[in-house]
Amino acid sequence: MTNKVTLTQFIIEQQRGLPDASGTFTLLLNNIVTACKKISHLVNRGNLVGVLGSAGSENVQGEVQKKLDIITNDIMVEALNWTGHLAGMASEEVDEIITIPAGYPKGKYLALFDPLDGSSNIDINLAVGTIFSILRCREGIDPEPEDFLRKGAEQVCAGFVLYGPSTMMILTTGHGVNGFTLDQDIGEFILTHPNMRIPEETGEFAINMSNQRFWEPPVQRYIDECLQGKEGVREKDFNMRWVASLVADVYRILTRGGVFLYPYDLRDRAKPGKLRIMYEANPMAFIVEQAGGVCSTGRERILDIKPTGIHQRVPVILGSKNEVERIVSYHQDAF
Ligand code: AHG
Ligand code: MN
Ligand code: MN
């Protein structure tokens with residue numbers, strides 16, 4: 001009989017090796033896992049349980065919310081607010097930081113999440129996901145927004161769940177990246193993709209080409225050179241993919257390499273990029289770096305940015321090392 005390692009077993013064994021591990025983190029992660037299993041079930045049931053379609057409201061970023069944006073946010077909050085492991089939460093779908101209700105104990109971690117990533121894909125039955133990031137917090141305090149505004153390099157854990165043909169959880173605690181597949185029969189995530197590594201070389205890029213006219217010269221140059229293929233300076237043909245779910249694009253890059261760009265965009269000076277640093281860029285940057293890849297705005301390492309607002313947006317260029325370094329060097333040449 002093959003010995004299947006569950007996510008819980010994996011985390012307990014990993015934490016045992018750490019000197020100051022109290023078991024709290026394992027419990028917190030289990031609560032996140034429970035929430036994501038609920039979300040997986042709902043996403044899978046779809047219109048059978050009437051969860052698809054628009055909610056008719058907007059979030060703080062002016063984006064139209066889907067019913068599932070709100071439902072998944074509530075699932076995350078309700079799975080985590082009573083546990084005693086958290087001092088507070090922040091969500092892409094909630095304007096202010098989320099406090100722990102009176103009567104519940106407060107813990108030493110902060111949880112930040114994008115409860116439903118790729119929500120424009122939900123009604124067309126394509127892959128979506130949940131992204132999360134865990135920070136440590138001074139114990140016993142009522143956190144202010146400033147307590148969340150920490151560099152991504154300070155994350156103690158980051159992960160995402162991809163609700164695709166299989167439901168998968170990708171996780172890092174700063175010791176490499178591991179992938180787990182949800183075994184629906186037993187309701188457990190099983191380690192199926194140990195020590196994921198992003199190949200350094202790639203011939204595949206992901207970018208929303210419809211924004212081309214708004215890009216800066218270094219990104220124009222990079223994509224132009226890819227499109228020239230064998231006849232151009234790169235002397236090879238490139239392939240393109242764009243799922244419009246960051247979770248799916250990053251999962252592909254973790255599996256077979258590639259580069260993803262949601263670059264600086266000249267459309268609106270107030271929005272230097274689309275993706276949110278706290279809920280998308282930082283957790284993905286931690287995962288990508290732990291898998292041997294690189295994540296940058298083009299000008300600086302994502303994990304070194306000191307955020308100024310919980311809903312702040314940043315340009316994101318991530319993936320295979322050699323390719324991202326090339327794009328960064330084009331920025332250095334230009335500016
Ligand atoms: P969300 O659904 O959480 O708002 O995130 C959507 C993000 C990201 O998942 C994806 O890479 C990108 O937006 C797609 O943007 P376009 O619709 O501009 O292609
Ligand atoms: Mn998202
Ligand atoms: Mn979202």
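**View 1. Tyrosine 262 and its polar contact with ligand 1.** In this predicted model, a polar atom on the side chain of tyrosine 262 comes within 2.6 Å of a ligand 1 oxygen. Tyr262 is also one of the residues that come nearest to the ligand. As for how well ligand 1 is covered, it would expose 470 Å² on its own, and the protein buries 87% of that.

**View 2. Aspartate 114 and leucine 116 beside ligand 1.** Here we have two more polar contacts, one through a side chain and one through the backbone. Aspartate 114 uses a side-chain N or O atom, 3.0 Å from an oxygen of ligand 1. With leucine 116, a backbone N or O atom sits 3.4 Å from a ligand oxygen.

**View 3. Ligand 1 in its pocket.** Zoom out a little and you'll find ligand 1 sitting in the largest pocket. Three elements each give two or more residues to the shell: strand E5 (109-117), strand E13 (259-262) and strand E14 (275-276). The largest share is from E5, with three residues. Domain 1 (7-193) and domain 2 (204-334) both contribute to the shell, so the ligand lies between them.

**View 4. Who's in the shell around ligand 1.** There are 18 residues around the ligand, and the nearest are Asp117, Gly118, Ser119, Leu246 and Tyr262. Sorted by character, the shell has seven nonpolar residues, four polar ones and seven charged ones.

**View 5. Asparagine 195, a loop residue with positive phi.** Look for asparagine 195 in the loop that links strand E10 (188-193) to strand E11 (204-207). Its phi is near 45°, a positive value, and the residue isn't a glycine.

**View 6. Glutamate 235, another non-glycine with positive phi.** This residue has a phi of about 55°. Glutamate 235 belongs to the loop between helix H5 (217-228) and strand E12 (239-240).

How values were computed. Residues numbered from 1 in each chain as written. Chains lettered and ligands numbered in written order. Predicted model: local features only at pLDDT ≥ 70, side-chain atom pairs only at ≥ 80, totals over all residues. Heavy atoms only, no water. Near = heavy atom within 4 Å. Polar contact = N/O pair within 3.5 Å; in protein donor to acceptor, adjacent residues only side chain to side chain. Areas by Shrake-Rupley, 256 points an atom, 1.4 Å probe, with all protein chains shown as cover. 1 Å grid on protein atoms, 1.4 Å probe; cavity = no way out; pocket = protein on both sides within 12 Å on 5 of 7 lines; lining within 4 Å. Sits in = over half its atoms within 2 Å of the grid points. Helix = DSSP H or I, 4+ residues; strand = E, 2+ residues; numbered from the N terminus. Nonpolar A, V, L, I, M, F, W, Y, C, P; charged D, E, K, R; others polar. Domains from an automatic or database assignment.
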